[in-house]
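Me: I am new to this structure and would like a close look at one part of it. Please take the sheet, then what packs on it, and end with a single residue.

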Amino acid sequence: MKKIEAIIRKSEFDETKEALHAIGVTFFSYWDVTGVGNEKVGHVYRGVSYSTADIQRRYLSIVVTDSFVEKTIDTLLKTAYTGKVGDGKIFVLPVEEAYRIRTKEKGGESLE
């Protein structure tokens with residue numbers, strides 16, 4: 001199992017959520033976050049200067065079986081992409097074990 005952590009633009013969240021559900025990722029957690037990135041230069045839109053660090057972001061925490069990792073990452077890369085600075089990051093971490101509290105299932109069965 002792997003934990004996929006993704007930081008994406010808040011504006012791309014609804015499309016990303018729908019696409020994840022469509023491929024079978026039915027459960028994940030998310031939070032609204034802000035952060036600081038590599039971009040040092042601000043942008044000007046309609047006369048207002050803003051920093052890409054100020055773009056609203058969503059932090060997604062998704063645990064999937066090993067067979068679902070590539071499919072999940074591909075979906076995130078397609079749906080969260082705008083081509084602009086600040087699109088986000090994806091991190092993949094190993095998960096030793098997972099349990100469903102209600103049924104006591106463990107491993108991949110607990111994710112279904």
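Reply: The model is a predicted one, and the sheet is a good place to begin. Four strands form an open sheet in the order 2-5-1-6, and their pairing is antiparallel. Strand 2 (29-33) and strand 6 (88-94) are the edge strands, each of them paired on one side only. From one strand to the next, the twist averages 15°.

Within this sheet, strand 1 and strand 5 (residues 57-64) run antiparallel and are joined by eight bridges. In general, the strands of a sheet pair through backbone hydrogen bonds, either parallel or antiparallel. One position that can be looked up in the model is Lys3, which stands opposite Val63 in strand 5.

Two helices come next. Helix 1 (residues 13-23) packs on the sheet, where it touches strand 1, strand 2 and strand 5. The direction of helix 1 makes about 10° with that of strand 5. Helix 2 (residues 69-79) lies across strand 1, strand 5 and strand 6, and runs at about 5° to strand 1.

Helix 2 has a buried side and a face turned away from it. Its buried residues are Val69, Thr72, Ile73, Thr75, Leu76 and Thr79. These residues are on the same side of helix 2, because they cover an arc of only 160° around the axis. Strand 1, helix 1, strand 5 and strand 6 are among the elements that cover the buried residues of helix 2. On the face turned away from the buried side, helix 2 carries the exposed residues Glu70, Leu77 and Lys78.

The single residue is Arg9, in strand 1 (residues 2-9). Is Arg9 buried or exposed? Arg9 has a relative accessibility of 9%; buried means under 20%, so Arg9 counts as buried.

The side chain of Arg9 has two partners to look for. At 2.6 Å, it reaches the backbone oxygen of Val85. With the side chain of Asp87, the side chain of Arg9 makes a polar contact at 3.0 Å. Leaving aside residues up to four places away in sequence, Arg9 touches Ile55, Gln56, Arg57, Thr82, Lys84, Val85, Gly86 and Asp87. Val85 and Asp87 thus appear again in this list of contacts, and Arg57 in the list belongs to the residue range of strand 5 (residues 57-64).

Terms used
Residues are numbered from 1 along each chain as its sequence is written. This is a predicted model: local features need pLDDT of at least 70, side-chain atom pairs count only at pLDDT 80 or more; totals for chains, interfaces and linings use all residues. Side-chain values use heavy atoms; hydrogens and water are left out. Buried means under 20% relative accessible area, exposed over 50%, partly exposed in between (1.4 Å probe, protein chains only). A polar contact is a pair of N or O atoms within 3.5 Å; within protein, one must be able to donate a hydrogen and the other to accept it, and residues adjacent in sequence count only if both atoms are side-chain atoms. Contact means heavy atoms within 4.5 Å. Two strands pair if DSSP finds at least two bridges between them. Axes are lines fitted to C-alpha atoms, for helices over the stretch in contact, and angles run from 0 to 180 degrees between N-to-C directions. The arc is that of the directions from the helix axis to the C-beta atoms.
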